[in-house]
Amino acid sequence: MAIIKTERTAAIAPPLSETTALGWMRKHLFSSVFNSLLTIVTLFIIYITVKELWVWGIADAVWVADNRRGCFDINVDGACWAGVIAWLDSIFYGRYPREELWRINLGLFLLVIWMVPLWLPRVKAKISIGLTTVFLYPFLAGYLFSGGDKSISMQIMVTAAIVCLAANTVHSIIGVLTGRSLPEFLIRLFGKKNAPEKSQRYLLLGILAVSLVAVYMFQMGWNVENVSWTRWGGLFLTLVISGIGIASALPGGILLALGRRSKMPVVRVISTSFIELFRSVPLITVLFMATTMFPLFLPEGFILNKLVQVIIAVCLFNACYLAEIVRGGLQTIPRGQFEAGHTIGLGYWQTISLIILPQALKHMIPNIVGNFIGLLKDTTLVSIIGLFDVLGMLRSISKDLPWLGLHKEPLVFGAMMFFLICFAMSKYSRHLEVKLSTGHKH
Amino acid sequence: MTGTKTQKTREQLASAASSEVIIEFEKINKWYGDFHVLKDIDFRVHEGERIVICGPSGSGKSTLIRCINNLEAHQKGSIVVDGITLNKNLKNIDHIRTEVGMVFQSFNLFPHLTILDNLTLGPIWVRKMSKIDAQATAMKYLERVKIPEQADKFPGQLSGGQQQRVAIARSLCMNPKIMLFDEPTSALDPEMIKEVLDVMIELADTGMTMIVVTHEMAFARTVADRIFFMDDGYIVEENVPDEFFNNPQHKRTKEFLSQIL
């Protein structure tokens, strides 16, 4: 006998236990006697811990005092935040000259200005903005931070960076207001909208040349005092090292990963041994090698400062780790994607950059950001080889005469700082994953 | 008896061969390790011809079709496509790939791009078309495969049949001279097979040179100019559809047809 469904049931609301908070608690926290007991015990443990922390860190804490003695006079049991506050500048900027701190702030501010357009929806040409951030901003920032006399090449790069920053900013403002790009805007401004492509191009090149020359003249008269790298320190130094590490590790890792999968035996062997070598050695060893042994390989008279050596070591080390992450990502991409790319005529690099990498990197965002977070935290190892990064500064508080023996509070403060930065990064990675996911797999 | 049949077939083949040769396989041999997949494959395809390749799985059909655009490299023999010899020269391979479109069993759309971007990628990066022109072409072909309204969706949001039609449109956007189909309907639900076959039939009507690996015998009967039957790495029989289905010559062909018809 055939059964035929003739009526349709209308969709009805789910039962209350699925929607209300009380229902949720009942289902997840108090579903049985044992579960209820567990919930209560856990809540009690949380209460004890949090209460102790609260009393030590906030209720009994001392915020204003001249030295550690002063803290004790007010409350012996509470945290002595006064010491951390007194050292705040040093924790952030190390021993950078106090009257020059504006340079660091300006540098960071410029980075923000440079990168904000990447998040503005109507701005075009985001890839070139991103690329200039990686390749031009470091020169501008480098000069701002270290100052001194500029070599010719440095002058050229600083000029290019300033022009680029200005162009980026104007381009973004125009983009947000009108949705056009800077070249389109300029062409309209000069009434060349219908002119042939060639004359449009000449116009743009002319504007570029004029602004380059103008900025070059300007920057010749712009000089800031030299600040030796030995005075860099604190969170600033940590961010410089990890920032360069992050910016260079990804491209380096991609190249190494592709090299490892290459069909050319020489490239493959070199990439593989490079990756395996660096991955099987602890970072601290690499750092010691970089500062003590690396100079032996350099030609005589060619002296790199310790900071540059450390940065190179951090970059290479992390590029190798990222290479393995990227390789993992590449392996998640089915062979059909390569083949589909080839059949529409794309070459190797086009297939890789347009089809394979966007997918592979998207799959690997959690791992990549995880690696970046690790990198940020690992840079504290440089305090062992004598750079005063944020950890180095935090630890020197306890050796400062007024605050002698103040260990706990600076480290707790450092932990909070790291937590904030790392948590923000991990949140952002989660956001990226959601934003970039096209929802469905192939 | 057999002799006259062969004679007749040859004549019919000759009449189809009035136009230019566009694909030529000469003594093609290929091995996967020790396994001999293609054995002395020899054939010619003329411009505008529709070839269907069928045969049991593992007989080398897919490998053969993938040799045409060098997704698989052959080890012995010579392949000439559109007047260009396939060899280690990467420029030749790239050129042939721009002239030969291919549709896969598993669609292989780019999941991170919208349908429209899937279609414009090749024209923009390989044919150096402007974005506007490429999009216009893409919309034209999307209309031809009857899904222009899906242009802004991602492949994962489409049904299998729709994805396969997008894949066909993506190949057509490159304006190829030859289209290869590697079991285009094998991964589809029965309900969706027809919509894909309809698009392929329409394409055949435009005079496109097509080589189709498929198990859809009805399609082979109506569309094909010639049918290649492959078994164990050989093309064991090559015939026009009528003869192939009604009067198969080779023992293996007879067995195969009795299994599936």
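Across the interface of chain A and chain B, six residue pairs are in polar contact, both partners at pLDDT 80 or more. The model is a predicted one. On the side of chain A that touches chain B, helix 16 (335–343) and helix 17 (348–363) of chain A are the elements that give two or more residues. Helix 16 of chain A gives the most, with eight residues. By type, the residues on this side of chain A divide into six nonpolar, 11 polar and four charged.

The whole contact takes 21 residues from chain A and 24 residues from chain B. About 2000 Å² is buried between chain A and chain B, and carbon and sulfur atoms give 64% of that area. Two salt bridges are counted between the chains. One of them pairs A:Glu339 with B:Arg66. Their closest N and O atoms are 2.4 Å apart.

Now turn to the sheet in chain B. Six strands form an open sheet in the order 6-7-8-3-9-10, with mixed pairing. Strand 6 (100–103) and strand 10 (234–239) of chain B stand at the edges. Each has a single partner strand, so one side of each is left without a neighbour in the sheet. From one strand to the next, the twist averages 20 degrees.

Helix 3 (residues 90–99) of chain B packs on this sheet. Helix 3 touches strand 6 and strand 7 (178–182) of chain B. The direction of helix 3 makes about 65 degrees with that of strand 6.

At the other edge, strand 10 of chain B runs antiparallel to strand 9 (residues 226–231) of chain B, and five bridges join the two. Among the bridge partners, B:Ile227 is matched with B:Asn239 in strand 10.

Notes: Residues are numbered from 1 along each chain as its sequence is written. Chains are lettered from A and ligands numbered from 1 in the order in which they are written. This is a predicted model: local features need pLDDT of at least 70, side-chain atom pairs count only at pLDDT 80 or more; totals for chains, interfaces and linings use all residues. Side-chain values use heavy atoms; hydrogens and water are left out. Two strands pair if DSSP finds at least two bridges between them. Helices (H or I, at least four residues) and strands (E, at least two) are DSSP runs, numbered from the N terminus. Axes are lines fitted to C-alpha atoms, for helices over the stretch in contact, and angles run from 0 to 180 degrees between N-to-C directions. Contact means heavy atoms within 4.5 Å. Buried area is the accessible area (1.4 Å probe) that two parts lose on being put together, summed over both. A salt bridge is a side-chain nitrogen of Lys or Arg within 4 Å of a carboxyl oxygen of Asp or Glu. A polar contact is a pair of N or O atoms within 3.5 Å; within protein, one must be able to donate a hydrogen and the other to accept it, and residues adjacent in sequence count only if both atoms are side-chain atoms. Ala, Val, Leu, Ile, Met, Phe, Trp, Tyr, Cys and Pro count as nonpolar, Asp, Glu, Lys and Arg as charged, and the others, Gly among them, as polar.
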